[in-house]
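Have the sequence and the structure open for this one. What follows is a quick tour of some backbone oddities, some strand pairing and the nonpolar interior.

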Amino acid sequence: MRCVWKAAGVLLLSPVVALAFDAVDTLQPSSSGAYPAYPSEVMAPYELWARFGMMYDTNLLRRTLGENSELVTRAGIGGRWDQRIVGRQGLHLDGDINAFVYNKFSELDNIGYRGLAEWRYEVGNDLAGAIGASRRKYQANLNEIQRAQYDPITENRLFFNGRYALGPHLGVRGGVDWIDYHRPSRAMSETKTLITSAGVDYISSLGNQVGLEYRFARGDAPVNELVDPLGQFVNNDFRQREIALVGAWSAGPQLRFAGNFGRTERTYTQLPGRDFNGPTYRAAVHWAPLHKVFLDFEASKHVSSIIDIGAAHVVVRGFQYGPGWAITAKTNVTARFLRQDLQYGGDPAVQLGAAPLRQEIVRAFRLGTYWEYTRQVHVTAAWEQGDRESNVLGRNYRFNAYMANVRYIF
């Protein structure tokens, strides 16, 4: 089911955003496992690559009016290493660094990077998990700040998880995850969150799964200066509890399902009017009616903190769907339609009447192609068209983006 969740991840984890080159970076080769005609290939123990791409965007700053077209160039290198160190204990390293150069808005030129180090452990035949750390630096989404300003965000993460098998079909799991966001330009958006989770799963002889999961998160919820100009709310935190039924079912190689359904409660210590309590869900379906054709559908509703926005949290309801066609073992084309309804219910300025409850609808259509010219040279290209409707003045926009990328694997 990892292929299903990998395809759904872009939609399910965050609001639809037009990140530079996102439409080409999410494309997968024909050998990704999505097409029954071309099973997944065995992953090499290491990989080193370089890439170069260009994108033309008709409205880079995501504004309602004005001339905001831009040509963006990206160049980067990256790599991955998976190696057994001692017995069953293994190390996974993954990362990349990219330089972005803008033709007109040169103040946006930046270097972004990400890195992950993960120790994958096994103790006997029953206990396995991972301990790791990651760091990422990137430019804040331009569809939120809507101006040509270098606005870096740094994300640091530490995590530990494990699963213990109680038998051939039953297992218990748990984990701890600490995430720290640092944004110099907007201190009120910086958050530190500690997430703990626990679950129990039943796995059938055919690999189908059903389980129960509980997640608890506690973190910062900085208060907008408009609400707290004297800095009196120094300890405003949030607590989020989620309990959900999770499952994954494979009805053969042609049809696979994965998802969860539960309830999420989010409360704040000093500004309770920003609380959330309601049902949440995530679902993904992968259907391959033909050996070289598939259709994906994903839907979700969830609440989360998003560092790029001014509100403390956003409630996201959305779906996406689209087909994929592997023309050959080296070439495929995919299409995606995405829609999300976003409600920024965590903005304290709404309580004072200083701003309306921000609600937005984001739509996007993507058409992409992946061409594996040789084992070393991979070429991707995409066209993306999107728009946003908002009840806040100046946040409506439309755009078209055309991008291409060449990746060389050493």
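## Two residues with positive phi

Gln146 is buried, since its relative accessible area is 15%, and the cut-off for buried is under 20%. Keep in mind that this is a predicted model. The backbone at Gln146 is worth a look too: phi is positive, about 55°, although the residue is not a glycine. To find Gln146, go to the loop between helix 3 and strand 6.

Arg62 is another residue to check. Its phi is near 55°, again a positive value in a residue other than glycine. Arg62 sits in the loop between strand 1 (46-57) and strand 2 (70-86). Is Arg62 buried or exposed? With a relative accessibility of 3%, Arg62 counts as buried.

## Strands 6, 7 and 8

Follow the chain into strand 6 (residues 152-165), which pairs with strand 7 in the antiparallel sense over 12 bridges. The two make a hairpin, with 4 residues between them. If you want a handle on the register, take Phe159: its bridge partner in strand 7 is Asp177.

Strand 7 also pairs with strand 8 (residues 192-203), in the antiparallel sense and over 11 bridges. Here Gly174 can serve as the marker, as its bridge partner in strand 8 is Ala198.

## The nonpolar cores

Which residues touch the most other members of the largest nonpolar core? They are Phe21, Met55, Leu60, Leu108 and Met403, out of 32 residues in that core. Several elements give two or more residues to this core: helix 2 (22-25), strand 3 (89-102), helix 3 (142-145), strand 7 (170-182), strand 14 (314-326) and strand 18 (397-409). Strand 18 has the largest share, with 4 residues. As background, nonpolar side chains in soluble globular proteins tend to be buried together.

Another core, of 6 residues, lies apart from the largest one; among its members are Ala34, Tyr38, Ala288 and Ala326.

## Zooming in on Met55

What is Met55 in contact with, once its neighbours within four places in sequence are left aside? Its partners include Ala20 and Phe21, then Leu60, then Glu70, Leu71 and Val72, and also Ala401, Tyr402 and Met403. Of these, Phe21, Leu60 and Met403 also appear, like Met55, among the residues that touch the most other members of the largest core.

Key
Residues numbered from 1 in each chain as written. Predicted model: local features only at pLDDT ≥ 70, side-chain atom pairs only at ≥ 80, totals over all residues. Heavy atoms only, no water. Core = buried A, V, L, I, M, F, W, Y, C linked by side-chain atoms within 4.5 Å. Buried < 20%, exposed > 50% of the residue type's maximum accessible area, 1.4 Å probe, protein only. Contact = heavy atoms within 4.5 Å. Pairing = 2+ DSSP bridges.
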